[in-house]
Each structure stands twice: as C-alpha cells, then as structure tokens.
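Good morning, colleagues. Thank you for making time for this structure today; please have the sequence and the coordinates open as I speak.

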Amino acid sequence: MKQYLNFTERVVLVTGSTRGIGYVIAEAFAEQGAKIIINGRVKNTVQKVVDIFEGKGYAVIGISADIGDAGAVEEIVSQIKNRFGHLDILINNAALRQWNSLENISDEIWEDALRTNFFGVFHLIKKMTPLLKQRLNPSIINISSIAALRPLFSQTGIHYIVSKGALLSLTLGLAKELGEDGIRINAVIPGFVNKENDENFSKKYSSIADQTFLKKLPTSVDIANACLFLASDLATAVSGESIIVGGY
Ligand SMILES: NC(=O)c1ccc[n+]([C@@H]2O[C@H](COP(=O)([O-])OP(=O)(O)OC[C@H]3O[C@@H](n4cnc5c(N)ncnc54)[C@H](OP(=O)(O)O)[C@@H]3O)[C@@H](O)[C@H]2O)c1
C-alpha cells in the first residue's frame with residue numbers, strides 16, 4: 001500500500017521549532033521519518049531540542065539563527081546546502097507576537113514585526129528556492145494566523161495582523177512563479193491555539209471556542225496535521241491555498 005504520509009529521507013526546516021506549535025510540527029515530521037532542522041534564536045535552546053529529538057531516535061540537526069536577519073538567513077541556507085545539498089520542505093513558523101495598541105505602536109515595533117514575520121519568510125523562500133527546486137514534490141508552508149482574517153478575538157496588534165495578512169498574499173502571489181519550478185506553496189491559518197491541549201486553557205478561553213463551528217480550540221497537533229497533509233503526496237495538486245484550522 002502506498003504510504004502518503006511517508007517523509008523518510010525528506011529534509012524539513014521548521015523555523016521557530018524550539019517550543020510551541022513549531023516544536024510539535026517538527027516532531028510530527030520526525031515521526032514520519034523526515035530529517036529535521038530545528039531553528040530558534042537561542043543556541044542552548046536549539047541544542048536542548050536536538051538532544052531530545054536524538055534521544056527519541058529522530059534524524060535532526062539544529063541551526064540557531066534569527067530569521068529576521070538577512071545575513072543569518074544566508075547562513076541557514078549555506079549550512080543546509082553543506083549538510084544535505086538540498087531541502088524538501090520549508091515551514092515558515094517563527095514569528096514575533098506582541099500586543100500593542102495603535103497609539104503605542106512605534107515605527108520600530110512595526111519594523112520588528114515585519115522584519116521577522118514577513119521579510120524573514122520572504123528571504124527564506126527566495127534563498128531556499130534553488131535548494132527546493134531540484135526535489136520531488138517540494139513545498140513551502142507559511143504559518144499565518146486567524147488574526148489576519150477575523151481579528152475579533154485577537155490581542156495581537158495591527159503590526160502582527162498586517163504581517164500575517166501579508167503572508168497570505170505572499171502565498172497566493174508566489175504560487176505561479178514557484179509552480180514553474182514545481183514548488184508548491186500553501187498557508188496554514190491557525191485559530192487561537194490551545195498549544196498544550198490543556199483543559200484549564202480550554203475553560204479559560206471557552207468564549208473564543210464557542211465562536212468556532214466546532215466549539216473547541218485547535219491544538220498544536222491539529223496545526224501539525226494540516227502541515228503534514230499539505231506537504232504530503234496527498235496534496236501534489238494543491239498550491240496557493242490557505243487552510244484555516246480551527247473551524248471559523
Ligand atoms: N499560539 C497561537 O494561538 C497562534 C495562533 C495563530 C497563529 N499562530 C502562529 O503560529 C506560529 C507559532 O506560534 P507559537 O504560539 O507556537 O509561538 P511561540 O510559542 O512564541 O514560539 C515561537 C518560536 O519561534 C522562535 N522564534 C521567534 N522569533 C524568531 C526569529 N526571529 N528567528 C528564529 N526563531 C524565532 C522561538 O524561539 P526563540 O524565541 O528562542 O528564538 C520559538 O521557537 C507563529 O507563526 C504564530 O504567529 C499562533
């Protein structure tokens with residue numbers, strides 16, 4: 001029987017994978033046999049996750065780098081090139097999420113949000129394309145946010161909302177150009193996530209859950225499952241698409 005979710009030997013970079021949703025996405029691909037690249041800004045934290053993954057028998061390396069720094073992105077690319085020679089799946093998950101009211105958002109806060117959440121993703125896509133295009137069913141997944149579409153529940157600020165909306169335009173806008181190289185690009189739009197699947201968290205935010213079709217908050221595993229589908233051989237004809245996970 002064909003194994004559609006088999007990622008054996010596929011090289012997967014998940015940015016911002018030292019904790020939260022990115023960690024769970026990285027583990028989901030590792031469980032399916034992928035070679036994982038863990039990323040975050042802090043060297044020790046990256047190393048800790050690499051140690052945990054190695055302890056579980058996963059194929060893993062770590063690259064500590066700030067994706068909002070264009071020079072550091074060049075370094076990520078050259079390390080992946082030297083180590084593997086290619087990349088199969090790029091998951092742009094790292095983001096800055098800080099609340100600020102309109103009157104308190106300085107130009108600096110705007111620039112920080114856009115540098116990481118938008119330009120970081122743009123630079124990674126641009127620089128990784130040559131490593132992706134040699135592959136079979138290569139793909140890019142951008143993690144956006146429900147805040148970009150339904151900002152009603154969000155305590156995130158317009159700088160975050162705009163940066164996550166820009167990712168949706170980037171996803172659709174690049175689908176044709178990348179498609180010419182056989183690279184698929186899609187976005188996952190998480191609702192407000194109960195990251196640890198914690199019952200107390202569910203209770204605390206039940207008013208948000210009540211506004212979803214399913215009356216529950218998605219978990220990190222739900223987000224990871226959407227990524228597995230979009231990167232898999234089940235989705236070889238899907239590109240330029242954005243999938244909301246959370247039932248809005
Ligand atoms: N949580 C939610 O309810 C929710 C809802 C909708 C969308 N999302 C999206 O889902 C993604 C993950 O969210 P999360 O809540 O899991 O985030 P999180 O817990 O804050 O984790 C963020 C991860 O990204 C890393 N990171 C942050 N800035 C970075 C940078 N400049 N370069 C490299 N790594 C960086 C962090 O490590 P270091 O700090 O050590 O660098 C960490 O590993 C984000 O894109 C977020 O916008 C989340």
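I shall take the ligand surroundings, then one helix, then the core, and finally a single residue.

Please keep in mind throughout that this is a predicted model.

Let me begin with the ligand. There are 29 residues around the ligand, and those that come nearest are Gly16, Gly20, Gly40, Arg41 and Ala95. In chemical terms, the shell comprises 13 polar, 11 nonpolar and five charged residues. Which elements each supply at least two residues of this shell? They are helix α1, residues 20-31, and strand β2, residues 35-40. Of the elements, α1 gives the most, with three residues.

I turn now to helix α3. This helix has 14 residues, 70-83, and at 1.5 Å a residue it should span 20 Å; the C-alpha atoms at its ends are indeed 20 Å apart, so expectation and model agree. Four residues of α3 deserve attention as buried: Val73, Ile76, Val77 and Ile80. Because these residues cover an arc of only 95 degrees around the axis, they lie on the same side of α3. The other side of the helix carries exposed residues, namely Gly71, Ser78, Asn82 and Arg83.

Against what do the buried residues of α3 pack? Their partners are the strands β1 (11-14), β2 and β3 (59-64), together with helix α4 (107-132). Strand β2 thus appears here as a packing partner of α3, having already appeared as a contributor to the ligand shell. Just after α3, Gly85 adopts a positive phi of about 85 degrees.

Next, the interior. The largest nonpolar core contains 70 residues, and Val12, Ile25, Ile36 and Cys227 have the most contacts inside it. Let us look at Ile36 in particular. If we set aside neighbours within four places in sequence, Ile36 is in contact with Val12, Val14, Ala26, Phe29, Ala30, Phe53, Tyr58, Ala59 and Val60.

My last item is Ala209, which is placed in helix α7, residues 206-209. Is Ala209 buried or exposed? A residue counts as buried when 20 or more other C-beta atoms lie within 10 Å of its own. Ala209 has 21 such atoms within 10 Å, and is therefore buried. Beyond its neighbours within four places in sequence, Ala209 is in contact with Ser202, Lys215, Lys216 and Leu217. As for Asn100, which is 109 residues from Ala209 along the chain, the C-alpha atoms of the two are separated by 24 Å.

Thank you for your attention.

Technical notes. Residues are numbered from 1 along each chain as its sequence is written. This is a predicted model: local features need pLDDT of at least 70, side-chain atom pairs count only at pLDDT 80 or more; totals for chains, interfaces and linings use all residues. A residue is near a molecule or strand if its C-beta atom, placed from the backbone, lies within 6 Å of it. Ala, Val, Leu, Ile, Met, Phe, Trp, Tyr, Cys and Pro count as nonpolar, Asp, Glu, Lys and Arg as charged, and the others, Gly among them, as polar. The expected span of a helix is 1.5 Å times one less than its number of residues. A residue is buried if 20 or more other C-beta atoms lie within 10 Å of its own, exposed if 12 or fewer, and partly exposed in between; C-beta atoms are placed from the backbone. The arc is that of the directions from the helix axis to the C-beta atoms. Two residues are in contact if their C-beta atoms, placed from the backbone, lie within 7 Å. A nonpolar core is a set of buried Ala, Val, Leu, Ile, Met, Phe, Trp, Tyr and Cys residues joined through C-beta atoms within 7 Å.
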